[in-house]
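Hi everyone, thanks for coming along. Please have a look at the screen, and then I'll walk you through a few places in this model.

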Amino acid sequence: MAGGGPAIFLCAGTSGNARNRKEILMKRNYPHLCSPITIGNVTFRNRMFSAPMGGTDITNDGCIGPKSTAFYELRAKGGAAAVTVSECMVHPATDGSHAYHLDESILNSLASATYTADAIRRHGAIPSLELSHSGMYSGTYMTDKSRQKGLAQWGPSACTRPDGVPVGELTKEMIADIVRSYGHVAGLAKRAGFEMIMIHGGHGWLINQFFSPYFNHRGDEYGGSLKNRCRFAVEVLQSVRAAVGPGFPIEFRMSGSELFEGGYDLAEGCRIAQQIEPYINLLHVSAGTYQRGFGDTHPSMFKEHGCNVYLAAEIKKHVSVPVATIGGLNDPAQMEEIIVSGKADVVYMARALLADPQLPNKVMANREGEIVRCLRCFTCMAERAATATRRCTVNPLIGRELEGDTVYPAPEKKKVLVAGGGPGGLYAAYTAARRGHQVILCEKDGELGGILKSEQALPFKREMYELAGTYAALARKAGVEIRLNTAVTPELAEAEAPDALIIAVGSAPLVPPIPGLDGDNVVIVNNYYKEKDKITDDVVVFGGGLAGCECAIHLGQEGKRVHLVDMRDALAPDANVRHRPLLLKEIERYATVHTGCKGLEVRSDGIVCETKNGERILVPGTSVICALGQRSRTAGVDALRDCAPFVRVIGDAAKVSTITNAVYWGYHAALDI
Ligand SMILES: Cc1cc2nc3c(=O)[nH]c(=O)nc-3n(C[C@H](O)[C@H](O)[C@H](O)COP(=O)(O)OP(=O)(O)OC[C@H]3O[C@@H](n4cnc5c(N)ncnc54)[C@H](O)[C@@H]3O)c2cc1C
Ligand SMILES: Cc1cc2nc3c(=O)[nH]c(=O)nc-3n(C[C@H](O)[C@H](O)[C@H](O)COP(=O)(O)O)c2cc1C
Ligand code: SF4
């Protein structure tokens with residue numbers, strides 16, 4: 001194992017008297033994950049590194065800016081050993097992406113980068129900067145796709161992209177200029193205080209395009225043989241080394257395999273790694289390409305956690321530099337095993353550190369039970385594509401770090417009553433208790449979680465179910481009194497006389513008056529976890545929104561014959577733009593789809609539907625899942641509106657929506673008290 005074995009931690013007692021000081025051995029639950037590692041001439045405090053997470057909140061002139069600095073600083077505060085700031089585009093002339101640049105001619109460019117590196121370093125983390133060039137996919141992150149198409153795109157070889165965009169072949173002069181700019185920008189990054197450079201050679205961007213037999217058809221010394229396809233990367237690394245000097249850690253991020261037909265495979269990935277190895281200090285093995293395998297590069301909820309670790313483990317057998325791995329990692333036990341078994345020396349996390357930036361600190365302090373786990377729901381990446389902002393479903397701070405990440409005690413302690421123990425109510429109660437209020441949360445059901453309870457039946461959404469348990473544990477630890485089987489009524493509110501009431505009573509399933517929908521063969525999707533046995537081998541899922549589609553996939557995975565019916569033409573229009581394409585792929589595998597079909601009657605042998613041209617058909621199935629949507633519990637809200645001086649309605653009770661809004665509104669309701 002590179003970087004040595006587990007560290008022994010000797011902490012001094014705090015008696016103040018040197019002679020009475022006792023040495024206390026802090027026994028970490030995950031000693032290998034928590035042990036330092038030296039890469040180049042830099043020692044990192046543990047093996048948990050923060051992966052590149054995009055140039056969102058960039059300033060108009062391509063500077064990192066205060067918002068983004070606050071985002072990265074939170075990762076450093078949370079205990080990650082390295083924090084990678086991304087993505088810095090090295091050559092704007094051939095890569096017009098809207099991203100960070102480091103350019104002395106832009107006022108404040110170097111200053112911005114310096115403030116960012118400084119904000120990371122002051123919390124004990126090593127700031128690293130990812131240098132990149134998108135090549136033929138330049139402009140991918142632009143929300144204005146027409147502008148993206150107006151750019152000049154350059155790649156190893158001329159071609160026309162599937163979206164019709166022409167790509168020019170880089171000349172040798174252009175290549176030389178790009179190589180030079182990598183070195184120049186690396187030198188500036190070092191001057192700004194970055195102590196590691198990550199060269200992005202994976203995910204389908206320019207360096208990867210040169211590696212790839214699929215994209216690179218050059219006949220000169222940059223194409224053809226493996227050595228030639230690696231030449232551009234090697235020249236880039238030599239240019240960077242010349243700029244930063246010996247010992248300065250250079251990390252190379254590559255895809256262990258492109259994971260598509262015609263791209264390079266793992267065997268070739270190993271040989272690429274061997275070509276690169278002499279020029280680097282850390283090899284970072286990721287997977288796939290952004291354009292052709294988004295759900296591989298960013299493993300979706302339909303994949304195993306750590307599904308790409310095998311790539312790093314295999315490559316590690318062929319190189320002697322330390323190797324990092326990544327992909328859907330959020331469980332300290334799994335990450336510890338990766339290090340112990342020698343599959344990798346470092347684990348990187350991206351989304352896990354959005355969901356809980358404090359994850360490394362919690363692991364170091366043996367508080368792993370308090371980690372808020374990433375759901376792999378892709379809200380973060382979808383927001384970036386849709387609105388160019390940052391957001392995370394389970395963490396209301398993300399994208400808003402500049403507004404402050406500390407929950408301060410309230411100046412006046414109040415009595416707060418929370419109605420409803422779904423995600424919104426739980427997060428509101430937790431936050432209010434952290435502010436020092438006396439908080440009582442009442443849940444009318446016998447179990448917390450609200451709608452999240454229904455997710456326990458779907459293995460790929462189990463983390464969504466477990467989220468309620470994590471929030472509940474955090475709320476209890478913060479001092480919330482939780483009362484189960486207790487509905488908040490006006491009478492209860494009158495008896496408790498709270499200063500503030502947060503109404504988080506959620507929504508109820510929508511069951512329209514369609515004949516037969518109240519039959520014994522029908523299960524409401526929210527209740528499926530309790531009534532699984534009622535579902536036969538031939539099942540119709542009635543309603544093709546997010547909830548219906550996910551249930552259909554699960555039933556298909558269980559080996560059932562699944563028909564999916566929706567009167568709309570599109571499935572899951574409520575799913576986010578990143579999750580939806582992956583969801584639809586799974587639907588193709590597991591269900592027969594009937595869109596544009598209006599359900600008229602539920603029978604014991606299926607659902608009678610009317611097609612768009614007025615034809616009546618029977619969609620066959622002996623049991624039915626009803627997934628026709630939700631409706632706010634408006635009557636419950638109206639009954640409670642006047643039950644306290646301060647009243648706030650949050651989550652589905654205010655508007656049928658998402659966990660994201662329930663948590664975000666719950667957090668802010670508690671801050672407002
Ligand atoms: C099947 C399904 C799948 C979904 N999947 C996703 C997803 O993948 N991602 C996503 O972001 N969103 C998803 N949603 C939406 C998401 O679950 C909701 O937006 C979210 O649960 C709303 O949280 P909440 O706390 O406002 O309400 P709820 O989760 O509805 O919780 C409300 C709670 O209040 C309790 N309650 C009601 N009345 C009272 C009362 N008077 N006193 C005390 N307690 C009361 C209820 O028993 C319930 O426990 C899904 C919804 C469904 C139906
Ligand atoms: C919001 C977001 C932005 C990302 N931006 C970048 C980026 O700029 N450069 C990059 O190399 N990878 C980027 N990635 C990919 C991650 O670094 C990582 O490889 C991927 O998310 C898989 O890791 P995870 O499962 O821990 O999230 C981004 C991921 C997320 C979630
Ligand atoms: S938005 Fe969803 S996928 Fe992204 S970090 Fe948060 S929980 Fe994970």
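I'll start with two ligand sites and then turn to a few backbone details.

First, some housekeeping. This is a predicted model, where local features need pLDDT of at least 70 and side-chain atom pairs count only at pLDDT 80 or more, while totals for chains, interfaces and linings use all residues. Residues are numbered from 1 along each chain as its sequence is written, and chains are lettered from A and ligands numbered from 1 in the order in which they are written.

Let's go to ligand 1. It is surrounded by 39 residues, where "near" means that a residue's C-beta atom, placed from the backbone, lies within 6 Å of the molecule. The closest are Gly420, Gly422, Gly450, Gly506 and Gly651. Three helices, α14 (423-434), α17 (546-557) and α20 (659-672), each supply at least two residues of this shell. Helices here are DSSP runs of H or I with at least four residues, strands are runs of E with at least two, and both are numbered from the N terminus.

Why does ligand 1 lie between two domains? Because domain 2 (407-509 + 632-671) and domain 3 (522-628) both give residues to its shell; the bounds come from an automatic or database domain assignment.

By class, that shell holds 17 nonpolar, 17 polar and five charged residues. Nonpolar covers Ala, Val, Leu, Ile, Met, Phe, Trp, Tyr, Cys and Pro; charged covers Asp, Glu, Lys and Arg; the others, Gly among them, are polar.

Now for ligand 3. Which of its 13 surrounding residues come nearest? They are Arg351, Cys374, Thr379, Cys380 and Cys392. Two elements, α11 (351-355) and α13, give two or more residues to this shell, and α11 has the largest share, with three residues. The shell divides into nine nonpolar, two polar and two charged residues.

On to the backbone. The peptide bond from Ser86 to Glu87 is cis, with omega near -15 degrees, and Glu87 sits in strand β6 (residues 82-89).

Next, Asn366 has a positive phi near 55 degrees without being a glycine. You'll find Asn366 in the loop between α12 (359-364) and α13 (379-387). Is Asn366 buried or exposed? It counts as partly exposed, because it has 14 C-beta neighbours inside 10 Å; buried needs 20 or more other C-beta atoms within 10 Å, exposed means 12 or fewer, and partly exposed is in between.

Finally, Ala497, also not a glycine, has a positive phi of about 45 degrees. Ala497 lies in the loop between α16 (490-496) and β19 (500-503), and with 11 other C-beta atoms within 10 Å, Ala497 is exposed.
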